[in-house]
Structures are given as structure tokens and as C-alpha cells.
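Q: Could you take a close look at the salt bridges in this model and walk me through how the charged side chains pair up?

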Amino acid sequence: MKAIKIFSIVMLFFVVNVSAQQISTADLQVTGLTCSMCSNATQKSLETLGFISSVKPDLNKNIFVLTFKKDANVNLDLVRKKVQDAGFSVGGLMANFNFSDVKVDDKGQAVVNGNVYRFVNVKGKTLTGMVKASVVDKDFISGSAFKKQAATANSDAYASGTGVVNGKKTRIYHLVLS
């Protein structure tokens with residue numbers, strides 16, 4: 001009987017976790033691309049991520065439009081790592097987040113399905129529906145933009161991208177709403 005209860009609790013967590021869709025698409029700007037071979041290498045690297053359903057490059061703007069699988073847990077750090085593995089850098093990432101009554105506290109922080117977001121330009125607000133936001137963490141924007149953003153981020157976690165949330169060291173994404 002105890003095993004059945006534990007199994008039920010684990011399955012409930014799994015169902016809740018899987019049904020959490022937060023990010024549907026993203027425009028990923030990649031720097032350092034000089035030719036179509038560079039673009040192909042980046043596209044192939046990104047396509048190895050299991051949570052991405054399609055990657056559409058725009059060579060004129062050095063942007064890749066990423067579409068994520070429905071109900072997939074999107075890891076933006078893995079997206080950045082795949083770009084770096086291909087030999088390039090992320091110049092910017094603007095994503096479409098689908099929020100459902102997400103409360104942003106007075107410090108600009110919101111916890112959604114285990115992900116922690118700290119909004120640079122939003123505090124004390126409830127977010128609902130499709131929201132465009134840029135990731136402004138280190139290695140998601142240029143070095144000069146990162147330094148400029150650090151002055152306004154007003155967050156101890158901004159430099160490292162991690163902080164203590166509920167007594168546990170946690171990845172914190174810093175976002176700017178469009």
C-alpha cells in the first residue's frame with residue numbers, strides 16, 4: 001500500500017512536470033558566422049537537442065528561429081552550449097514564454113515549474129499569456145551589453161546566473177520583457 005502511494009505521488013509529479021510548457025519559440029542570434037558552412041554546423045548542433053522540434057536559419061540576420069516541442073522542458077543553457085560547441089557565440093536570445101497567472105514578486109522574481117526567472121524590468125505583476133522576453137545573462141548577450149545590464153539588474157545572482165532559492169543553489173535566468 002505504501003509503495004502504491006509513493007508511486008502515485010511520483011507519477012503525479014511526472015505528469016505535472018511534463019505538462020509544463022513555458023517556451024514555445026525563440027529567436028536565437030548567433031555571432032561569428034561567416035559562411036553557410038558555419039550556419040549548417042550551428043543548425044546541426046542545435047538539432048541534436050531533444051526539446052527542439054525545428055531550427056530555421058535566417059542567414060541574412062544570423063538568426064535561428066527555434067520551435068520547441070510541446071510540453072518539453074526547454075533548457076536555454078543547453079541551447080547556448082550547442083552554439084558554443086559549434087564554435088560560435090550567442091549574440092541574443094528572445095523567447096516567447098507562455099505564462100499562466102505567474103506572479104512576479106516585488107524583487108522581480110518568479111518561479112515557474114521549477115524554473116526561476118528574475119525580471120529586470122518587471123516587479124509586483126502577474127503575467128498571463130504569451131510574453132516576449134530576452135535572456136540577458138552572461139553568454140546570452142555581448143560582453144558590453146552584459147556590463148551595461150549589470151548596472152540595472154540589481155541582483156546578486158546576475159554575475160553567476162545562480163542564487164539560493166528556498167535554501168538550494170538554483171539557476172536563475174534574468175529576463176527583460178519586450
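A: Happy to! A good place to start is Asp137, which is buried, with a relative accessible area of just 2%. Keep in mind that this is a predicted model. The carboxylate of Asp137 is not left without a partner: Asp137 forms a salt bridge with Arg171, and their closest N and O atoms are 3.3 Å apart. Asp137 sits in the loop between strand E7 (125–135) and helix H4 (143–153), while Arg171 belongs to strand E9, so this contact ties together parts that are 34 residues apart in sequence.

Arg171 also has another acidic partner. Its side chain meets that of Asp77 in a salt bridge at 2.7 Å, N to O. Here the link joins distant parts of the chain, as Asp77 lies in helix H3 (residues 76–85) and Arg171 in strand E9 (residues 168–177), 94 residues apart. Asp77 is buried at 17% relative accessible area, whereas Arg171 counts as partly exposed at 23%. Through shared partners, salt bridges join Asp77, Arg80, Asp137 and Arg171 into one network.

Helix H3 offers another pair to look at. Lys81 and Asp85 form a salt bridge, with 3.1 Å between the closest N and O atoms. These two are 4 residues apart in helix H3, so about one helical turn separates them. Both ends are partly exposed: Asp85 has a relative accessible area of 47%, and Lys81 has 42%. In total, the structure holds 4 salt bridges.

Definitions and conventions: Residues are numbered from 1 along each chain as its sequence is written. This is a predicted model: local features need pLDDT of at least 70, side-chain atom pairs count only at pLDDT 80 or more; totals for chains, interfaces and linings use all residues. Side-chain values use heavy atoms; hydrogens and water are left out. Buried means under 20% relative accessible area, exposed over 50%, partly exposed in between (1.4 Å probe, protein chains only).
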